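Trainee: I would like a close look at a single part of this structure, the sheet at its centre of interest, and at how the elements beside it are arranged. Could you take me through it in one connected account?

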Amino acid sequence: MDTIECIKTRRCKRELGSGDVKKEIIENIIDCGRLAPTANNLQPCEFVVVTDRKKLLIISEIVGKNAPFLKDAAFCIIIFAKDVKYYLEDGCAATENILLAINNFHLSACWVAGAQKEYAFNVAKELNVPAGLKLISIIPVGYSNEQPNIQKRKLGEVIHYEKF
Ligand SMILES: Cc1cc2nc3c(=O)[nH]c(=O)nc-3n(C[C@H](O)[C@H](O)[C@H](O)COP(=O)(O)O)c2cc1C
């Protein structure tokens with residue numbers, strides 16, 4: 001898929017179906033997260049992949065109303081980052097790279113909040129994540145035919161030439 005098409009067709013989808021996804025594809029998706037830009041090239045992100053259905057259910061229960069669809073996903077990527085100055089920006093860049101890679105492989109996903117959420121500690125604990133790492137985002141991935149009708153602000157409304 002062409003890069004511009006990949007960016008413009010990406011949507012968060014919440015009707016996710018399970019099904020086999022080849023390890024090669026999962027690793028290619030994570031690789032795109034690994035390659036995202038990071039401040040001072042510190043590369044603070046760690047990526048946990050959950051494919052086990054029982055574990056998906058447990059994470060879904062911990063996350064609760066933010067992502068009831070998580071339990072139906074084919075797998076889930078949970079991004080953590082070391083507590084460096086720009087951990088949030090670095091983690092978000094990795095998250096977006098991953099969402100685009102998922103779209104490229106004709107899979108679907110939703111960005112689920114991580115940083116600042118009350119469930120962050122319990123998600124990290126469940127996944128055996130060392131203390132000090134920050135939860136950035138949770139990305140349930142699956143197959144979907146959903147066509148979300150999401151409204152976006154128009155280009156003319158957000159673009160400002162030379163001054164605001
Ligand atoms: C930082 C962040 C946190 C989000 N958290 C959630 C969430 O917890 N649950 C959810 O269903 N969607 C979540 N979303 C997805 C947004 O609702 C979605 O991106 C927005 O509605 C725009 O839709 P689009 O991604 O299809 O462009 C989150 C998105 C971002 C960027």
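Mentor: Let us begin with the contacts of the chain as a whole: among those between residues at least 6 apart in sequence, 80% join residues at least 24 apart. The model is a predicted one, and what follows should be read with that in mind. The chain has six helices and five strands, which follow one another along the sequence in the pattern α-α-β-α-β-α-β-β-α-β-α. For a chain of 164 residues, a compact globule would have a radius of gyration near 15 Å, and the 16 Å computed here agrees with that. Along the principal axes, the C-alpha atoms fill a box of roughly 50 × 40 × 30 Å, and 35% of the 164 residues count as buried.

Against that background, strand S5 (134-142) is a good element on which to fix attention. S5 is mostly covered, with nine of its nine residues buried. Strand S2 (75-81) runs antiparallel to S5, and seven bridges join the two. Two of the residue pairs let one follow this on the model: Cys76 has Pro140 as its bridge partner in S5, and Ile79 has Ser137 as its partner in S5.

Strand S3, which comprises residues 108-109, also pairs with S5 in the antiparallel sense, over two bridges, and here the bridge partner of Ala109 in S5 is Val141. Strand S4 (112-113) likewise pairs with S5 in the antiparallel sense over two bridges, with Ala113 finding its bridge partner in Ser137 of S5. Ser137 is thus named as bridge partner both for Ile79 and for Ala113.

Turning to S2 itself, seven of its seven residues are buried, so this strand is largely enclosed by the rest of the structure. The cover extends to both faces of S2: on one side Phe75, Ile77, Ile79 and Ala81 are buried, and on the other Cys76, Ile78 and Phe80 are buried as well. Besides its pairing with S5, strand S2 pairs with strand S1 in the antiparallel sense over six bridges. Within that pairing, Val50 has Cys76 as its bridge partner in S2, and Cys76 is also the residue whose partner in S5 is Pro140.

Helix H3 belongs in the same picture. The helix covers residues 53-63, and its buried residues are Leu56, Ile59, Ser60 and Val63. Seen down the axis of H3, these buried residues fall within an arc of 105°, so they line one face of the helix. What they pack against includes the strands just described: S1 (45-50), S2, S4 and S5, together with helix H5 (120-126). After H3 comes Gly64, whose phi is positive, near 65°.

The surroundings of the ligand bring some of these residues back into view. Around the ligand lie Arg11, Cys12, Arg14, Asn66, Ala67, Cys110, Trp111, Val112, Ala113, Pro148 and Ile150. By class, this shell holds eight nonpolar, one polar and two charged residues. Ala113, one of the residues of the shell, is also the residue of S4 that has Ser137 as its bridge partner in S5.

For contrast with the covered strands, consider Ala93, which has its place in helix H4, residues 87-104. Ala93 has 19 C-beta neighbours inside 10 Å and therefore counts as partly exposed, since a residue is called buried when 20 or more other C-beta atoms lie within 10 Å of its own. Leaving aside neighbours within four places in sequence, Ala93 is in contact with Ala36 and Pro37. The C-alpha atoms of Ala93 and Ile29, which are 64 residues apart along the chain, are separated by 13 Å.

Two further residues deserve a careful look for their backbone angles. Asn41, in the loop between helix H2 (23-34) and S1, has a positive phi of about 50° although it is not a glycine; Asn41 is exposed, with 7 other C-beta atoms within 10 Å. Glu162, in the segment after helix H6 (155-158), has a positive phi of about 65°, again without being a glycine. Glu162 is exposed too, with 4 other C-beta atoms within 10 Å.

Terms used: Residues numbered from 1 in each chain as written. Predicted model: local features only at pLDDT ≥ 70, side-chain atom pairs only at ≥ 80, totals over all residues. Near = placed C-beta within 6 Å. Nonpolar A, V, L, I, M, F, W, Y, C, P; charged D, E, K, R; others polar. Buried ≥ 20, exposed ≤ 12 C-beta atoms within 10 Å, placed from the backbone. Helix = DSSP H or I, 4+ residues; strand = E, 2+ residues; numbered from the N terminus. Arc of directions from axis to C-beta. Contact = placed C-beta atoms within 7 Å. Pairing = 2+ DSSP bridges. Rg over C-alpha atoms; globule rule 2.2 N^0.38 Å.
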